[in-house]
Amino acid sequence: AGENIMTKNYNRNKYNCSKCGAPTISDNTLGMKCPTFDINDISQRIFDQFVGFLMGEGSIKIGFQRGAQGNVTTNASIVIALRYDDAAVLKRFIEFFNGVGSYDFYEQKDAVIKRQPQFRWTITRASDIYSILTRIEEEAILPFKKMNDVKIGIEWCQWRLSVGRKGYDP
């Protein structure tokens, strides 16, 4: 009772992927959980600029949604959104990150207060988020609240990578 679902011991076999080091159910992942890029290939200068954009214009999101069968799923994402006319900056980061994630143009159609259209970059693969957030935790100097968000994101990724897509055995 009162046990945090994110820190519960799931009594599952836990390994570290031999390819990327991320926690997995088994060492037999065939790279399915490995990041789509090598975070160490990104230069310190570019990574520092990315962290600045993430902390200034982005967010680390963890959410829940109810599926058609009534089951509840959880997901996480890293999202950075800039004005449409600043899209070139995000497109450059997407190139450095080997095209990871998805991007789209977003415009509020029925908003009372009209806002500028946005170019939004979203990273949703848990192994990619884990790779980015662990480097941020190791290298970035952030305010307590932002670093706490990073640590919560890392904890979520560790949980998701350790239990797989089907969830956990209660």
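**Exercise 1. Thr74**

Decide whether Thr74 is buried or exposed in this predicted model, and find the partners of its side chain.

*Solution.* Step one is the accessibility: Thr74 has a relative accessibility of 11%. Buried means under 20%, so Thr74 counts as buried.

Step two is the location, and Thr74 belongs to strand 4.

Step three is the list of neighbours. Setting aside residues up to four places away in sequence, Thr74 touches Ile62, Gly63, Phe64, Trp156, Trp159 and Arg160.

Step four picks out the polar partners. The Thr74 side chain comes to 3.1 Å from the backbone oxygen of Gly63. With the side chain of Trp156, that of Thr74 makes a polar contact of 3.1 Å.

**Exercise 2. Three more small polar residues**

Sort Thr134, Thr122 and Ser59 into buried or partly exposed, and say where each one sits.

*Solution.* Start with Thr134, which is found in helix 3. Its relative accessible area is 17%, so Thr134 is buried. Its side chain reaches the backbone oxygen of Tyr130 at 2.9 Å. Now look along the chain: Lys151 is 17 residues from Thr134 in sequence, and their C-alpha atoms are 8.3 Å apart in space.

Next comes Thr122, in strand 6. With 18% relative accessibility, Thr122 counts as buried too. Apart from its neighbours within four places in sequence, Thr122 is in contact with Ser77, Ile78, Val79, Gly101 and Ser102.

Finish with Ser59, which lies in strand 3. Ser59 has a relative accessible area of 25%, so this residue is partly exposed. Beyond residues up to four places away, Ser59 touches Leu54, Ser77, Ile78 and Val79. Ser59 and Val150 are 91 residues apart along the chain, while 9.9 Å separates their C-alpha atoms.

**Exercise 3. The sheet**

Work out in what order the four strands of the open sheet lie, and which of them are the edge strands.

*Solution.* First, a reminder: strands of a sheet pair through backbone hydrogen bonds, either parallel or antiparallel.

Second, follow the pairs. Strand 3 (residues 58–66) and strand 4 run antiparallel and are joined by nine bridges. To check this in the viewer, find Lys61, which stands opposite Ser77 in strand 4. The hairpin of these two strands has five residues between them, and there Gly70 takes a positive phi near 90°. Strand 5 and strand 6 also pair in the antiparallel sense, over five bridges. Here Tyr106 stands opposite Gln118 in strand 6.

Third, put the strands together: the order is 3-4-6-5, with antiparallel pairing. Strand 3 and strand 5 (102–106) pair on one side only, which makes them the edge strands. From one strand to the next, the twist averages 30°.

Fourth, add the helices. Helix 2 packs on the sheet and touches strand 4, strand 5 and strand 6, with its direction at about 20° to that of strand 6. Helix 3 also packs on the sheet, touching strand 3, strand 4 and strand 6; the angle between its direction and that of strand 4 is about 60°.

**Exercise 4. The nonpolar core**

Name the residues that touch the most other members of the largest nonpolar core, and the element that gives the largest share.

*Solution.* Begin with the members: this core has 38 residues, and those touching the most other members are Phe50, Phe97, Trp121, Ile132 and Ile136. Then ask where the core comes from. Two or more residues are given by each of helix 1 (44–57), strand 4 (72–83), helix 2 (87–96), strand 6 (118–123), helix 3 (126–139) and helix 4 (144–163). Helix 4 supplies the largest share, eight residues.

For a closer look, take Phe50. Leaving aside its neighbours within four places in sequence, Phe50 is in contact with Ile80, Phe93, Phe97, Trp121 and Ile132.

**Exercise 5. The whole chain**

Describe the chain as a whole: its elements, its buried share and its contacts.

*Solution.* Count the elements to find four helices and six strands. Read from the N terminus, they run β-β-α-β-β-α-β-β-α-α. Then turn to burial: 37% of the 170 residues count as buried. The chain exposes about 10,800 Å², of which carbon and sulfur atoms supply 48%. Last, consider contacts between residues at least 6 apart in sequence: 61% of these join residues at least 24 apart.

Definitions and conventions. Residues numbered from 1 in each chain as written. Predicted model: local features only at pLDDT ≥ 70, side-chain atom pairs only at ≥ 80, totals over all residues. Heavy atoms only, no water. Core = buried A, V, L, I, M, F, W, Y, C linked by side-chain atoms within 4.5 Å. Buried < 20%, exposed > 50% of the residue type's maximum accessible area, 1.4 Å probe, protein only. Contact = heavy atoms within 4.5 Å. Areas by Shrake-Rupley, 256 points an atom, 1.4 Å probe, with all protein chains shown as cover. Pairing = 2+ DSSP bridges. Axes fitted to C-alpha atoms, helices over the stretch in contact; angles between N-to-C directions. Polar contact = N/O pair within 3.5 Å; in protein donor to acceptor, adjacent residues only side chain to side chain.
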